[in-house]
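Reader: I am new to this structure. Please take me through the ligand 2 site slowly, then show me what else there is to look at.

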Amino acid sequence: MSERNCDVVIVGAGFSGLYLLHRLRGLGFSIRMFETGSDVGGTWYWNRYPGARCDVESMQYSYSFSEELQQEWDWTEKFSAQPEILKYANHVADRFDLRRGIEFDTNVVSAHFDETTNHWAIETDKGEKISARFCIMATGCISTAQIPDFPGLSDFKGATYHTGAWPHEGVDFTGKRIAVIGAGSSGIQAIPVLAEEAAHLTVFQRTPNYSLPSQNAPMTPEYAQSWKDNYAALREEQRYTAKGNIRELNNESALAVSEDRRAEMYEERWQTGGAAFLSSFNDLLVNQRANDSAAEFVRDKIRTTVKDPETAELLAAKDYPIGTKRICIDSDYFETYNRDNVRLVDVSDDPIERMTPSGLVAKDETFEFDAIVFATGFDAMTGTLFKIDIQGRDGLTLRKKWDAGPRTYLGVMSEAFPNLFMITGPGSPSVLSNMMVSIEQHVDWVTDSLVHLRAEGLDVMEPTREAEDEWVEHVNVVAHKTLFPRAASWYMGANIPGKPRIFMPYIGGVGAYRRICEEIVADGYRGFRLQPDAGTSADAATSENSAVAAAE
Ligand code: FAD
Ligand code: NAP
């Protein structure tokens with residue numbers, strides 16, 4: 001493999017980037033790696049808001065690539081809080097000596113493919129230019145915080161925060177009147193903690209969310225050991241599940257059982273805690289009537305928890321199926337609305353009108369605050385990639401190519417952008433899964449591909465247009481077999497004005513997707529064009545037969 005400045009540029013030092021660096025370095029590739037932040041951890045470096053916590057069980061939300069690592073690390077809670085996950089990311093960086101390979105406080109601003117050299121020309125905000133054979137975007141799917149363009153936004157004189165860019169030193173809200181705008185996963189986690197601290201808290205909710213109790217608890221040594229004794233087998237099982245989590249799917253239809261049995265099952269899962277509730281029956285996400293039964297159970301829970309019936313009704317989601325916006329997992333969220341210092345303001349029909357120097361105006365009422373917390377989400381899946389000026393063949397920008405929605409083959413590459421890889425990109429299971437499982441699978445797949453190219457004396461890898469078109473169609477068809485497109489979710493791009501409404505992740509399942517990736521490799525990288533540097537279509541090792549044949 002010819003080497004210019006380096007073989008590979010990795011962008012991002014979250015869990016994706018860290019594992020990439022570890023694997024590629026071990027295989028002898030020369031690497032430059034850049035991270036906007038001042039340290040490792042990605043999501044868990046940026047999202048330090050009070051209450052931030054993982055909603056995948058700790059024993060499952062961790063790397064599986066090193067037996068020593070998974071044996072030596074001890075989690076303290078069933079669902080880990082942000083500081084502990086960040087500590088884990090730091091431990092991994094130190095243990096595998098990764099930090100020295102990462103250039104922090106450095107933003108990659110552009111990546112242009114040079115067709116004469118088949119290299120990527122990458123530029124940072126420090127003005128450095130790097131030439132690399134491969135460029136891997138480990139830039140995260142939920143890494144571009146979004147504050148809506150409220151009129152008068154800059155007029156507010158108090159403090160403002162976004163959950164996804166929280167100050168490292170923390171914030172003391174004692175005695176303060178605060179607003180939280182947004183009631184998604186971040187808001188729902190932050191609100192109970194903020195309410196404990198603030199003098200008064202007002203929540204502005206545009207859409208109520210279904211939320212399930214985490215039933216979080218300290219980790220017991222017995223439970224941790226039961227995983228550690230069996231990690232190899234359990235991790236392998238995880239990799240072929242639908243969502244990358246080992247949790248029991250009850251393989252019955254919600255409609256095939258009696259009302260009593262249904263209620264019993266929902267109650268059992270509610271008490272267990274976490275997202276396992278959505279696996280109570282096998283048709284909750286594909287059958288509206290089945291879904292209604294689960295949604296009504298949750299609404300009833302809210303009605304019995306929240307004392308004020310009017311507030312309870314406002315908190316009870318009704319307009320979309322449960323699970324089709326990212327399910328929220330909470331600790332005492334609904335209970336928080338029973339506090340005297342908490343008020344819910346529903347802005348579903350009547351949006352926040354404007355910010356003022358001392359607060360905001362909504363529903364003809366003037367509110368005064370010392371601080372506003374924006375829990376308003378992210379420009380997910382595409383936003384971070386679009387912030388980088390990515391240009392492929394003929395100067396085609398990624399933004400232009402994805403004008404009507406992301407187009408990828410397997411969520412890992414896009415045609416016209418040779419040798420540019422994405423970790424957990426749109427068109428892969430990604431945000432629908434336990435992301436540690438999806439990250440490891442993508443990193444392994446990409447790394448193995450680079451090794452294959454090197455072994456075969458090949459330099460350029462690119463999906464064919466046909467393979468990509470088929471995959472995009474497949475992703476879309478599978479999504480429309482479910483209830484997911486019925487919700488105005490960020491999975492659909494619906495939270496960003498003007499963003500195309502396309503269901504972005506692949507919902508076929510982590511295990512099914514992994515098999516497709518494996519079969520494509522076994523079939524000589526079906527759907528990819530692999531070429532030597534001076535390759536022409538005549539000497540190219542191409543494989544352009546049906547991309548999704550194996551999937552069907
Ligand atoms: P990230 O962690 O997002 O890291 C990407 C890194 O790339 C960032 O540090 C960013 O600064 C850097 N970067 C981006 N652009 C550039 C650039 N141009 N130049 C240089 N650096 C750049 N997933 C789950 O599976 N379970 C959960 O419970 C869960 N909880 C979450 C909670 C929150 C609050 C959020 C926001 C996400 C959560 N996720 C969860 C998803 C989470 O993002 C993934 O689990 C995982 O951490 C993603 O790792 P990553 O390395 O792919 O991306
Ligand atoms: P989010 O789910 O997109 O929620 C954003 C909230 O802000 C929504 O309630 C949204 O309302 C509201 N909002 C946006 N614009 C608004 C406006 N103009 N006026 C009023 N309200 C507005 O974002 P998030 O809560 O940060 O979560 C993003 C994702 O990160 C999650 O879905 C999840 O994948 C991940 N995450 C996971 C956890 C976890 O539990 N482990 C925690 C946090 C985040 P609408 O719904 O009406 O758009």
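Author: **The ligand 2 site**

Start with K325. An N or O atom in the K325 side chain sits 2.9 Å from an oxygen atom of ligand 2. Keep in mind that this is a predicted model.

Now go to S186. One of the polar atoms in the S186 side chain is 2.6 Å from an oxygen atom of ligand 2. R53 takes part in another way. There the backbone is involved: an N or O atom of the R53 main chain lies 2.9 Å from a nitrogen atom of ligand 2. Two of these contacts come from side chains, those of K325 and S186. The one at R53 comes from the backbone.

How much of ligand 2 does the protein bury? On its own, ligand 2 exposes 910 Å². The protein buries 89% of that area.

Next, look at the shell. There are 23 residues around ligand 2. A183, S186, R206, T207 and W490 come nearest. S186 is thus on this list of nearest residues, and its side chain also makes the 2.6 Å approach described above.

What kinds of residue are they? The shell of ligand 2 holds 10 nonpolar, 8 polar and 5 charged residues. Helix α5, covering residues 185-197, gives the most to this shell, with 3 residues.

Why does ligand 2 lie between domain 1 and domain 2? Both domains give residues to its shell, so ligand 2 lies between them. Domain 1 is made of 4-144 + 380-551. Domain 2 is made of 146-210 + 325-377.

**The other ligand**

Ligand 1 has a shell too. It has 35 residues around it, and S16, E35, T43, D55 and Y61 come nearest. T43 brings an N or O atom of its side chain to 2.7 Å from an oxygen atom of ligand 1. F15 uses its backbone instead: one of its main-chain N or O atoms is 3.0 Å from an oxygen atom of ligand 1. W46 adds a polar side-chain atom, 3.1 Å from an oxygen atom of ligand 1.

Taken alone, ligand 1 has 970 Å² of accessible area, and the protein covers 94% of it. Which elements give two or more residues to its shell? They are α1 (15-26), α2 (43-46) and α14 (435-456). Of the elements, α2 gives the most, with 3 residues. The shell of ligand 1 divides into 17 nonpolar, 15 polar and 3 charged residues.

**The sheets**

Leave the ligands and turn to the strands. Five strands form an open sheet, in the order β7-β16-β8-β9-β12. Their pairing is parallel. β7 (159-162) and β12 (342-346) are the edges. Each has a single partner strand, so one side of each has no neighbour in the sheet. From one strand to the next, the twist averages 20°.

Look inside this sheet at β8 and β16. β8 (residues 177-181) and β16 (residues 371-374) run parallel and are joined by 4 bridges. One pair to find is I178 with its bridge partner A371 in β16.

A second open sheet has 3 strands, β13-β14-β15 in order. Here the pairing is antiparallel. β13 (354-356) and β15 (365-368) are its edge strands, and each pairs on one side only. The twist in this sheet averages 25° from one strand to the next. β14 (residues 359-362) is joined to β15 by 4 bridges, and the two run antiparallel. Find L360: its bridge partner in β15 is F367.

Finish at β4. This strand, residues 108-114, runs antiparallel to β5, residues 119-124, and 6 bridges join the two. S110 has E123 of β5 as its bridge partner. The β4 and β5 hairpin has 4 residues between its strands, and N118 in it takes a positive phi near 55°. β4 also pairs with β17 (residues 389-391), in the parallel sense, over 3 bridges. In that pairing, A111 is matched with I390 of β17. So β4 pairs antiparallel with β5 and parallel with β17.

Technical notes: Residues numbered from 1 in each chain as written. Chains lettered and ligands numbered in written order. Predicted model: local features only at pLDDT ≥ 70, side-chain atom pairs only at ≥ 80, totals over all residues. Heavy atoms only, no water. Near = heavy atom within 4 Å. Polar contact = N/O pair within 3.5 Å; in protein donor to acceptor, adjacent residues only side chain to side chain. Areas by Shrake-Rupley, 256 points an atom, 1.4 Å probe, with all protein chains shown as cover. Nonpolar A, V, L, I, M, F, W, Y, C, P; charged D, E, K, R; others polar. Domains from an automatic or database assignment. Pairing = 2+ DSSP bridges. Axes fitted to C-alpha atoms, helices over the stretch in contact; angles between N-to-C directions.
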